[in-house]
Amino acid sequence: MFGFIFIYWIWKAFSDLAIQFNKNKWKYFFIGLVSYYGMTFISGFIYAITLGFINGFDSLADGDYDDAGLNLIFALFGGLGCYGVYKFLESRGFKQRDLASKDGIESIGVIEEN
């Protein structure tokens, strides 16, 4: 159930960001979703590799790693990764908007009359 709430938050935040910058909201939603699950997977992989180096890789085969605390930590890292991607897309959108609003070569010599 917790995952569904996260997916809704990701959808809402990234679709609002896409609408703000006139982009495709489904594309931004999938970018956010991939960043969340990707970072969750990467943090779990790093945890397993670290545990393998500490206890030996043979101990990974007989361990029980379905712990709610670990899942919460991995979800936290996924949320932080998703937030980082959100901030990157937001700053990129502001930069693109600023570049589009600057006067270009087409406006040289054009006089605006009120």
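This passage looks at how two helices meet, at the largest pocket, and at the aromatic pairs in a predicted model.

A good place to start is the pairing of helix α1, residues 2-20, with helix α3, residues 68-101. The two pack at an angle of about 5°, and their axes lie 10 Å apart. Angles under 35 degrees count as roughly parallel, so α1 runs roughly parallel to α3. On the α1 side, the contact is made by Phe2, Phe6, Ile10, Ala13, Phe14, Leu17 and Gln20. Facing them from α3 are Leu72, Ala75, Cys82, Val85, Tyr86, Leu89, Glu90, Phe94 and Arg97. Sorted by class, this contact holds 13 nonpolar residues, 1 polar residue and 2 charged residues.

The largest pocket comes next, with about 210 Å³ of space. Its lining consists of Phe6, Trp9, Ile10, Ala13, Phe14, Tyr36, Gly79, Cys82, Tyr83 and Tyr86. The elements that supply two or more of these residues are α1 and α3, and α1 gives the most, with 5 residues. In terms of class, the lining has 9 nonpolar residues, 1 polar residue and no charged ones.

Aromatic rings offer another view of the model, in which 11 aromatic pairs are counted. One of them joins phenylalanine 21 and phenylalanine 94, with ring centres 5.1 Å apart and planes at 90°. Planes over 60 degrees apart count as edge-to-face, so this pair is edge-to-face. Phenylalanine 21 sits in the loop between α1 and α2 (25-55), while phenylalanine 94 belongs to helix α3, so the pair ties together parts that are 73 residues apart in sequence. Phe94 is also among the α3 residues that meet α1.

Definitions and conventions: Residues are numbered from 1 along each chain as its sequence is written. This is a predicted model: local features need pLDDT of at least 70, side-chain atom pairs count only at pLDDT 80 or more; totals for chains, interfaces and linings use all residues. Side-chain values use heavy atoms; hydrogens and water are left out. Axes are lines fitted to C-alpha atoms, for helices over the stretch in contact, and angles run from 0 to 180 degrees between N-to-C directions. Helices (H or I, at least four residues) and strands (E, at least two) are DSSP runs, numbered from the N terminus. Angles under 35 degrees count as roughly parallel, over 145 as roughly antiparallel, 65 to 115 as roughly perpendicular and the rest as oblique. Contact means heavy atoms within 4.5 Å. Ala, Val, Leu, Ile, Met, Phe, Trp, Tyr, Cys and Pro count as nonpolar, Asp, Glu, Lys and Arg as charged, and the others, Gly among them, as polar. On a 1 Å grid over the protein atoms alone, a cavity is a set of points where a 1.4 Å probe fits but cannot get out, and a pocket is an open set with protein on both sides within 12 Å along at least five of seven lines; lining residues have an atom within 4 Å of a point. Grid points are joined across faces, edges and corners, and a volume is the space filled by probe spheres set on the points. Rings of Phe, Tyr and Trp (its six-membered ring) pair if their centres lie within 6.5 Å; planes under 30 degrees apart count as stacked, over 60 as edge-to-face and the rest as tilted.
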